[in-house]
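Here are my notes, as promised, for you to read alongside the model. Have it open while you go through the points.

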Amino acid sequence: MPLTNRRILVVEDEYMLAQDMLLELQDAGAVVIGPEPSVARALMRINEETTIDAVVLDVNLGGEQAFPVADALVAKRIPFVFASGYDDDAMTSRYPDAVNCAKPFSFRTLMRSLEAVLP
Amino acid sequence: MILDHPLPMAVGWTRDYITIYNDAYREMLRGKPEALGLPLLEVWSETSETAAPLFDDVFAGLSHRFTDARFMVLRGGQAEEAFFNYSLSPLRDDAGDVQGILITSFETTAKVHATAKQIGAEKVLRANGERQSLLLQLSDALRIKSDAQEMIEAAARMLGHQLGASRIVFAEFDETNGVANVFFGWFADGAMPFPAVIQLEEYRGAIVEELLAGRTVRIDDIGPPFLQPDHEAIAKLGVKALLSVPVLLRDRMVVNISVHQHTPRHWTDEDAALVKEVVERLWANLVRFRAERALRDSQDLHHFLLSLSDTLGRLVDVADIAEIAVHRLCDRLDVNRVRYGEIEGDTMNVRHECVRGVPPAPRALSLAPFGSAFLERYRAGALIQVNDVAAETRLPEMGRTALKDMQVAAFCDVVLFEEEKRTGLLVVQSATPRNWTSLEVELIRNSAERIRSALKRAQAEAALREGEERFRQFGEASQDVIWIRDAETLQWQYLTPAFEKIYGLDWAEALAGDNYHSWLDLIVPEDRQLASEMTRRVRHGESVAFEYRIRRPIDGTIRWLRNTDFPITDAEGNVRLIGGISHDLTQLRNAQSRLEEVVENIPQLVWRADDPGRWTWASPQWTKFTGQTEEDSRDWGWLDPIHPDDRAPARAAWGRAEAEGQFTAEYRIREKSTGSYRWFQTRATPLRDEHDVIREWFGTSTDIDDIRRLQGRQQVLVEELQHRTFNLMGMVRSTADRTIRSSVNLPDFRAKFRNRIDALARVQRLLSRLEDDGRVTFADLIHAELDAIGFTQAGEQRVTLDGPDDVPLRSSTVQIFAMALHELTTNAVKYGALRQGGGHLHVRWWVEADEQQQRWLHVDWHESGVTMPQEGAAPTGTGQGRALIEKALPYQLHAKTTYVMAADGVRCSIALPISNRGQAETHDAAHQSPDPRG
């Protein structure tokens, strides 16, 4: 299983969604970091963790845009998947290589997207 | 018998008159060749005319006898006068028939001469006396005559009577032209003489030679036989004897008088002397008379021309000039027709004519019949003079016929020239041949010149009058005031009627008095100095244009005028007059100011640019909004108040403007009064010239900041809705999953899931009911939840709600918070305070700020009077609710929570941060960043 023991950071402000993702990822064998509900927490986590293989990143975090997090990830060359309620090209034009799993996503889609971005 | 007879005798034998004569008769034949045996008429050929009929008589039996009969006999080749007594008698034969003529003859010449001498002396004496008397009479007669022809006739008549001549002929010689003007002075038979011109060539001969040499010609008997051919020519005119006396002037013959006699005559010295006296006297008188007449004519000519000039000079109408001139000329020259017309091609079109005593002639006349030689002269513009059309050989037959048809016997035409262009033709025609005198020709030529100059003057004047008239009409029709002032006195010399309309002042009133100062007084005081300064400048040769106001005395209204004043100079360049045009700008000004009002008051920033982006003008609104002066905005200066981020796009939009034919851009402009940027939509349209080339751009910048904000807000809302919906779906799914996990069977799931979905629905309803800045308050949430289960009705004692109504919650927090409260309520209904009769739920809430000034909502959920199950007993369903309180709220809302299963019921406390200002975060977000994604 490609996700086995992979360290996946989940950044999602909705508690219940975050919990669901956590369970799904764990079921897939991944090691979940987080989940983190805000930009500040997520950035903190990215700095603290020595190894993050990939990130699932919600675009809207309690009314805050998640782009600073995405920028930090780009800088650290950590692959990530957007989990977004938005269908737009602002994001794709800013992060042309990012994969977006539009909400509401099926966990299967999310897993596949994560597998695809993993190095 | 004959031969021996002492008297001269001859016989003419037979009808041949065979001559037989004796010695005595030989003397008669002196100077003649031997005549014996020759016919008698041949021997006396010079007298044969007289003799032949006499001889016939003799043969008829008659005899003739003559005494002192005069004969011109040829002796030695010379004609000589001789006198004879002679008789002619028949010689009969035996039968009595006449066979010959017997002539007895005796010359009496000597005797006759002797007698004549005696008589002659008396005659000379008498003749001398008569001659003196005649000359005196002649002098008297010539003195009173006022006409050359009359003088000649008087002299000729007197001379003719005196000499008993048949004819007196006076001629003037013009050797240069080879002609003699012959005046037939007097005829004895009373016939009327008429003048003639003869060509000397035709009479060339001894006579003329003699005369030209200044010698008197005397011929007593001209013949036959004729000694000269010219004698014969004269004889044909019936002249038998001729006495012709010439007068010489500087060795040239000028005049002569010829005395003709129809019979042979002996001209005496006295005759010759008399004729010489008469001709000299006549000539002297003619010369004197002609000199006087020439002087008089010359004076007349000048008088006529002066008078003509005077008359023509006063005429205004071009048509009158030629009309009057042709009549004057016709009268003056006493001719039959004077015409003035124009030559077009080879046709003369008569415009004016005076006709006297001849029928009318065509007014359009082709000159072609006059032949190329004449046409050439008409084209060259020479004076064409013909004295006698019939004798004018240079005119073709056709031309002569044409002239004859018009009764033209003589004419004198002058072509009028103006700057080497033919302009007219003056024609003077006489119905009789006429020797145009040089004075007449001069008169015609000068008259033509005067007509020409008068016409030119009148035409120029007419053109000038027309020009003046046009100018006057222009002036009177003009809506503008057109005026002329004297540069010295500044008084109006010319002022058009538009003045009255504009100034509301009577024209005459305006001109009265010192009208320059009156005019200045009409100008409003603020503009008066400008007006007088401008006038001063025009006086110094400058052209000016300026605008000023006048106050109309009639109604006190103000009129705006624009003056264009210019100097009018004389030949030396001195300013003599000031011309001006005053245009009423009032309406324009008003319209302009209305337009300006519009431009300056529309809620837009208006500006114009020449090259794309280079402003040339900005409306006051621009300055008001940006605080930038109009001057500073010019060129690219307007970019300064533009948001730095928007400057490049704005420039780029201008870069496309020319190609696209319009400019459209949206950029932020800093508002001076607030210091913040506002979004403007800017559009500009080009103004093109007739070649479609862009000359200028007109633009407006419209404030769209509010619209953009609304649009941004709308976008946020749409996205919020989208976000909320997607989250909701996730929540529904998640709720379903959890409910499944905690349900024992499907009916259990159905009941639990419905409850939770209903709770979610209530939250959505609360959220969707919100107005713009509305907030769901905590009171809303708790009421909605307890309403759903019927615990807020009046009379319900088991629930106490205690807290402020106005604690707003962030929308993003409402859903999870509501779910948590729902789980708490459900648990209370199923297992806690609201299930049992003695239970009580007390919900208290309040707001507190911490040290960081963060406001917190504190909620205290306190159930009491509940009989709690034993530890480890059957599940009380708190799993889901508790998880939400203890995990979800802290995670998602940064809340601080406690959850305690106390002895008489659940106690739960929730503290969550709320907005400090009580303002909607959506609003804030939209304001700070209109683009929710930017």
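1. Start with A:Pro35, which sits in strand S2 (residues 31–36) of chain A. The peptide bond between A:Gly34 and A:Pro35 is cis, with omega at about 0°. Bear in mind that this is a predicted model, so treat everything below as a reading of a prediction.

2. Another backbone spot to look at is B:Thr14. What is the sign of phi at B:Thr14? Phi there is positive, near 60°, and the residue is not a glycine. As background, most residues other than glycine have a negative phi, and most peptide bonds are trans. You'll find B:Thr14 in the loop that links strand S1 (9–13) and strand S2 (18–21) of chain B.

3. Now the largest pocket, which holds about 2,000 Å³ of space. Its lining takes in 45 residues, and those nearest the centre are B:Asn181, B:Arg434, B:Asn435, B:Trp436 and B:Thr437. Sorted by class, the lining of this pocket comes to 20 nonpolar, 11 polar and 14 charged residues.

4. Where does the largest pocket lie with respect to domain 2 (122–294) and domain 3 (315–463) of chain B? It lies between them, because both domains give residues to its lining. Chain B elements that each supply at least two lining residues include the helices H5 (148–163), H8 (269–314), H9 (318–333) and H12 (438–477). Strands do so as well, among them S6 (167–174), S7 (179–187), S8 (196–199) and S15 (383–386).

5. Two of those pocket helices also pack against each other. The axes of H8(B) and H12(B) are 10 Å apart, and the angle between them is about 15°. That angle is under 35 degrees, so H8(B) counts as roughly parallel to H12(B). Their crossing is right-handed.

6. On to enclosed space. How many cavities of 30 Å³ or more turn up in a search of the whole structure? The search finds nine. The largest cavity has about 260 Å³ of space. Its lining is made up of 15 residues, with B:Tyr25, B:Trp44, B:Thr47, B:Phe71 and B:Tyr86 nearest the centre.

7. The make-up of that cavity's lining is worth a look too. Which class is missing from the lining of the largest cavity? There are no charged residues; the lining has 12 nonpolar and three polar ones. Helix H3 (48–59), strand S4 (78–92) and strand S5 (98–107) of chain B each contribute at least two residues. The biggest share comes from H3(B), with four.

8. Further along chain B, look at helix H21 (residues 705–742) and helix H22 (residues 746–769). Their axes come within 9 Å and cross at roughly 160°. An angle over 145 degrees counts as roughly antiparallel, so that is how H21(B) runs relative to H22(B). This crossing is right-handed.

9. The last pair is helix H23 (residues 778–788) and helix H24 (residues 811–830) of chain B, whose axes come within 10 Å and cross at roughly 40°. Why are H23(B) and H24(B) called oblique to each other? Because roughly 40° is neither under 35 degrees nor in the 65 to 115 range, and it is not over 145 either. H23(B) and H24(B) cross in a right-handed sense.

Definitions and conventions
Residues are numbered from 1 along each chain as its sequence is written. Chains are lettered from A and ligands numbered from 1 in the order in which they are written. This is a predicted model: local features need pLDDT of at least 70, side-chain atom pairs count only at pLDDT 80 or more; totals for chains, interfaces and linings use all residues. Side-chain values use heavy atoms; hydrogens and water are left out. On a 1 Å grid over the protein atoms alone, a cavity is a set of points where a 1.4 Å probe fits but cannot get out, and a pocket is an open set with protein on both sides within 12 Å along at least five of seven lines; lining residues have an atom within 4 Å of a point. Grid points are joined across faces, edges and corners, and a volume is the space filled by probe spheres set on the points. Ala, Val, Leu, Ile, Met, Phe, Trp, Tyr, Cys and Pro count as nonpolar, Asp, Glu, Lys and Arg as charged, and the others, Gly among them, as polar. Domain bounds come from an automatic or database domain assignment. Axes are lines fitted to C-alpha atoms, for helices over the stretch in contact, and angles run from 0 to 180 degrees between N-to-C directions. A crossing is left-handed if the near helix is turned anticlockwise from the far one by less than a right angle, and right-handed if clockwise.
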